[in-house]
Amino acid sequence: MTDYHALHARIRALTEGETDIVALMATLACEIHQSDDRFDWTGFYRVVAPDLLKIGPYQGGHGCLSIPFSRGVCGAAARTGQVQLVPDVDAFPGHIACASSTRSEIVLPVFGNGGRLLGVLDIDSDRPDAFTDEDATRLAAILKEVFGHV
Ligand code: SME
C-alpha cells in the first residue's frame with residue numbers, strides 16, 4: 001500500500017512555491033506513479049475546451065490524446081466532479097481502454113482556484129479492484145493542496 005504520508009511530504013517539498021500547472025502535473029505524475037506498484041499508468045487529462053479533455057503529463061504506455069466529457073471514466077469524473085473508483089473496467093459502460101491489460105481504475109477531478117475544473121488525475125492498474133477509498137481520500141487531499149490555488 002502507498003505510504004501516503006511520505007508521498008504527500010515529498011510532493012509538498014518538490015512543488016513548494018510552484019504555480020506552473022504543467023510542472024505541477026509532471027511532478028505529481030512521476031511521484032505518484034513511482035509510489036506504488038499497483039499503479040501501471042498515472043497521468044492527467046486537462047480541460048482544454050468546454051466538455052473536452054486533452055492528455056497531459058503522464059507515466060506509463062501511450063494514452064489516448066482526447067476524451068470528451070461524454071466518454072470514459074475520465075469523462076465521467078470531469079462531467080460529475082466526483083471521484084470514479086472502478087474495480088472492474090470491463091463493467092464500466094464506455095470505458096476507454098488505452099491498454100488491454102488494464103483491469104481497474106481510479107479517476108479524480110482536479111480543481112483549481114475557486115473550484116474551477118482543471119482536469120482529472122487518472123490511475124490505471126493491471127490488477128482487478130486495486131483501488132480503495134483511502135486512495136481516493138489521500139489523493140484528493142494531495143490534489144487540493146497542490147492545485148487548489150492555481
Ligand atoms: N481509461 C480512461 C482513458 C484514459 S487511458 O486509461 C490512459 C477512460 O476510460 O476515460
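**Exercise 1. Determine whether Ser104 is buried or exposed in this predicted model, and describe what surrounds it.**

*Solution.* Start with the accessibility: Ser104 has a relative accessibility of 0%, and buried means under 20%, so Ser104 counts as buried. Next, place the residue in the fold, where Ser104 belongs to strand E5, a strand that covers residues 104–111. Then follow the side chain of Ser104, which reaches the backbone oxygen of Arg127 at 2.5 Å and also the backbone nitrogen of Ala130 at 3.2 Å. Finally, list the contacts, leaving aside neighbours within four places in sequence: Ser104 touches Val86, Pro87, Val89, Ile123, Asp124, Ser125, Arg127, Pro128, Asp129, Ala130 and Phe131.

**Exercise 2. Find where Arg127 lies and which side chain its own side chain meets in a polar contact.**

*Solution.* Arg127 is located in the loop between E6 and H4. Its relative accessible area is 38%, and therefore Arg127 is classed as partly exposed. The side chain of Arg127 makes a polar contact with the side chain of Asp37, at 2.8 Å. Beyond its neighbours within four places in sequence, Arg127 is in contact with Asp37, Arg38, Arg103 and Ser104. To see what Arg127 is separated from, take Leu53: the two residues are 74 residues apart in sequence, and their C-alpha atoms are 26 Å apart in space.

**Exercise 3. Work out how helix H3 is covered and which strands its buried residues pack against.**

*Solution.* First consider the helix as a whole: H3 runs over residues 72–80 and is mostly covered, since seven of its nine residues are buried. The buried residues are Gly72, Val73, Cys74, Gly75, Ala76, Ala77 and Ala78. Now look outward from these residues, which pack against strand E1 (41–49), strand E2 (52–59), strand E3 (66–68), strand E4 (84–86), strand E5 (104–111) and strand E6 (117–125). After the helix comes Gly81, which has a positive phi, near 75°. A further neighbour of the helix is Phe92, a residue of the loop between E4 and E5. Phe92 and Gly72 are 20 residues apart along the chain, with their C-alpha atoms separated by 8.3 Å. Once neighbours within four places in sequence are left aside, Phe92 has contacts with Gly72, Val73, Ala76, Gln84 and Val86.

**Exercise 4. Describe the surroundings of the ligand, and identify which element gives the most to the shell around it.**

*Solution.* Begin with the residues around the ligand, which are Trp41, Tyr45, Ile67, Gly72, Val73, Cys74, His95, Ile96, Cys98, Glu105, Asp122 and Asp124. Then take the polar atoms one at a time. A backbone N or O atom of Val73 is 3.0 Å from an oxygen atom of the ligand, and a polar backbone atom of Cys74 is 2.8 Å from an oxygen atom of the ligand. In the side chain of His95, an N or O atom lies 3.4 Å from a nitrogen atom of the ligand. On its own the ligand has 310 Å² of accessible area, of which the protein covers 99%. The ligand sits in the largest cavity. E1, H3 and E6 are the elements that give two or more residues to the shell around the ligand, and among them H3 gives the most, with three residues.

**Exercise 5. Identify which sign phi has at Asp51 and at Asp129, and place both residues.**

*Solution.* Recall the background, which is that most residues other than glycine have a negative phi. Asp51, in the loop between E1 and E2, has a positive phi near 70°. Asp129, in the loop between E6 and helix H4 (133–147), likewise has a positive phi, of about 50°, although Asp129 is not a glycine. For accessibility, Asp129 stands at 53%, and the cut-off for exposed is over 50%, so Asp129 counts as exposed.

**Exercise 6. Locate Asp20 and find how far it is, C-alpha to C-alpha, from Val150.**

*Solution.* Asp20 is in the loop between helix H1 (4–15) and helix H2 (21–34). With a relative accessibility of 38%, Asp20 counts as partly exposed. A polar atom of the side chain of Asp20 lies 2.8 Å from the backbone nitrogen of Ala23. As for Val150, Asp20 is 130 residues away in sequence, while the two C-alpha atoms are 8.0 Å apart in space.

Terms used: Residues are numbered from 1 along each chain as its sequence is written. This is a predicted model: local features need pLDDT of at least 70, side-chain atom pairs count only at pLDDT 80 or more; totals for chains, interfaces and linings use all residues. Side-chain values use heavy atoms; hydrogens and water are left out. Buried means under 20% relative accessible area, exposed over 50%, partly exposed in between (1.4 Å probe, protein chains only). Helices (H or I, at least four residues) and strands (E, at least two) are DSSP runs, numbered from the N terminus. Contact means heavy atoms within 4.5 Å. A residue is near a molecule or strand if one of its heavy atoms lies within 4 Å of it. A polar contact is a pair of N or O atoms within 3.5 Å; within protein, one must be able to donate a hydrogen and the other to accept it, and residues adjacent in sequence count only if both atoms are side-chain atoms. Accessible areas come from the Shrake-Rupley method with a 1.4 Å probe; for residues, only the protein chains shown count as cover. On a 1 Å grid over the protein atoms alone, a cavity is a set of points where a 1.4 Å probe fits but cannot get out, and a pocket is an open set with protein on both sides within 12 Å along at least five of seven lines; lining residues have an atom within 4 Å of a point. A molecule sits in a cavity or pocket if more than half of its atoms lie within 2 Å of its grid points.
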